[in-house]
Amino acid sequence: MIDYSAILTANYPTSEWTLNNNDYATLVWLSAGTKPTQAELDAAWPTVDYNNQYAQVETNRRTQYEAQSDGLFFEWQRGTNTQAAWEAAVQAVKDANPYPPTP
């Protein structure tokens, strides 16, 4: 399902608008310039959706690196663990959080 609000927020960050129930017919353009057409917004959706999914993967990975691999990195640096253990933990996080396919 196309998320018009997400598209407008991502692609028109300084514009003002209102939208009800994600229904393009209710889009009121409050900013100067021309309101984007539904076709323009529909065409932008795959990229916006990909970027949102990518950002979520990055957030998930960052959180899991902190919890699962950062400690092992410092242990490896201190000589109390191995580089292989740290690299395995990093790879496990990557495997659990793959990037979405590009549109």
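Here are a few worked exercises on the structure above.

The model is predicted: local features need pLDDT of at least 70, side-chain atom pairs count only at pLDDT 80 or more, and totals for chains, interfaces and linings use all residues. Residues are numbered from 1 along each chain as its sequence is written, and side-chain values use heavy atoms, with hydrogens and water left out.

**Exercise 1. Find the residues of the largest nonpolar core and the helices that each supply at least two of them.**

Step 1. Start with the term: a nonpolar core is a set of buried Ala, Val, Leu, Ile, Met, Phe, Trp, Tyr and Cys residues joined through side-chain atoms within 4.5 Å. Buried means under 20% relative accessible area, exposed over 50%, and partly exposed in between (1.4 Å probe, protein chains only).

Step 2. List the members. The largest core has 12 residues: Tyr-4, Ala-6, Ile-7, Leu-8, Leu-19, Tyr-24, Leu-27, Trp-29, Leu-41, Ala-44, Trp-45 and Val-48.

Step 3. Turn to the helices. At least two residues of this core come from each of α1 (4-11) and α2 (38-78). Helices (H or I, at least four residues) and strands (E, at least two) are DSSP runs, numbered from the N terminus.

Step 4. Look at α1 itself. Its buried residues are Tyr-4, Ala-6, Ile-7 and Leu-8, and they pack against β1, β2 and α2. At the N-terminal end of α1, Asp-3 acts as a cap, with a side-chain oxygen 3.2 Å from the backbone nitrogen of Ser-5.

Step 5. Pick out one core member. Leaving aside neighbours within four places in sequence, Leu-19 is in contact (heavy atoms within 4.5 Å) with Tyr-4, Ser-5, Tyr-24, Thr-26 and Leu-27.

**Exercise 2. Describe Asn-21 and Asn-22 by location, phi and accessibility.**

Step 1. Asn-21 sits in the loop between β1 (17-18) and β2 (28-29), and Asn-22 is found in the loop between β1 and β2 as well.

Step 2. Phi is near 55 degrees for Asn-21 and near 55 degrees for Asn-22; each is a positive value in a residue other than glycine.

Step 3. Asn-21 counts as exposed because its relative accessibility is 77%. Asn-22, at 21%, is partly exposed.

**Exercise 3. Is Ser-31 buried or exposed, and what does its side chain reach?**

Step 1. Ser-31 lies in the loop between β2 and α2. Its relative accessibility is 18%, so Ser-31 counts as buried.

Step 2. The Ser-31 side chain reaches the backbone nitrogen of Glu-16 at 2.5 Å. Not counting residues up to four places away in sequence, Ser-31 touches Thr-14, Ser-15 and Glu-16.

**Exercise 4. Work out how α2 and α3 are oriented, and what their contact is made of.**

Step 1. Take the geometry. α2 and α3 (residues 83-96) pack at about 175 degrees, with axes 8 Å apart. Axes are lines fitted to C-alpha atoms, for helices over the stretch in contact, and angles run from 0 to 180 degrees between N-to-C directions.

Step 2. Classify it. The angle makes α2 roughly antiparallel (over 145 degrees) to α3.

Step 3. Name the partners. The contact includes Leu-72, Phe-73 and Trp-76 of α2, and Trp-86, Val-90 and Val-93 of α3.

Step 4. Sort the contact residues: they divide into 10 nonpolar, four polar and two charged. Here Ala, Val, Leu, Ile, Met, Phe, Trp, Tyr, Cys and Pro count as nonpolar, Asp, Glu, Lys and Arg as charged, and the others, Gly among them, as polar.

Notes. Parallel < 35°, antiparallel > 145°, perpendicular 65-115°, else oblique. Polar contact = N/O pair within 3.5 Å; in protein donor to acceptor, adjacent residues only side chain to side chain.
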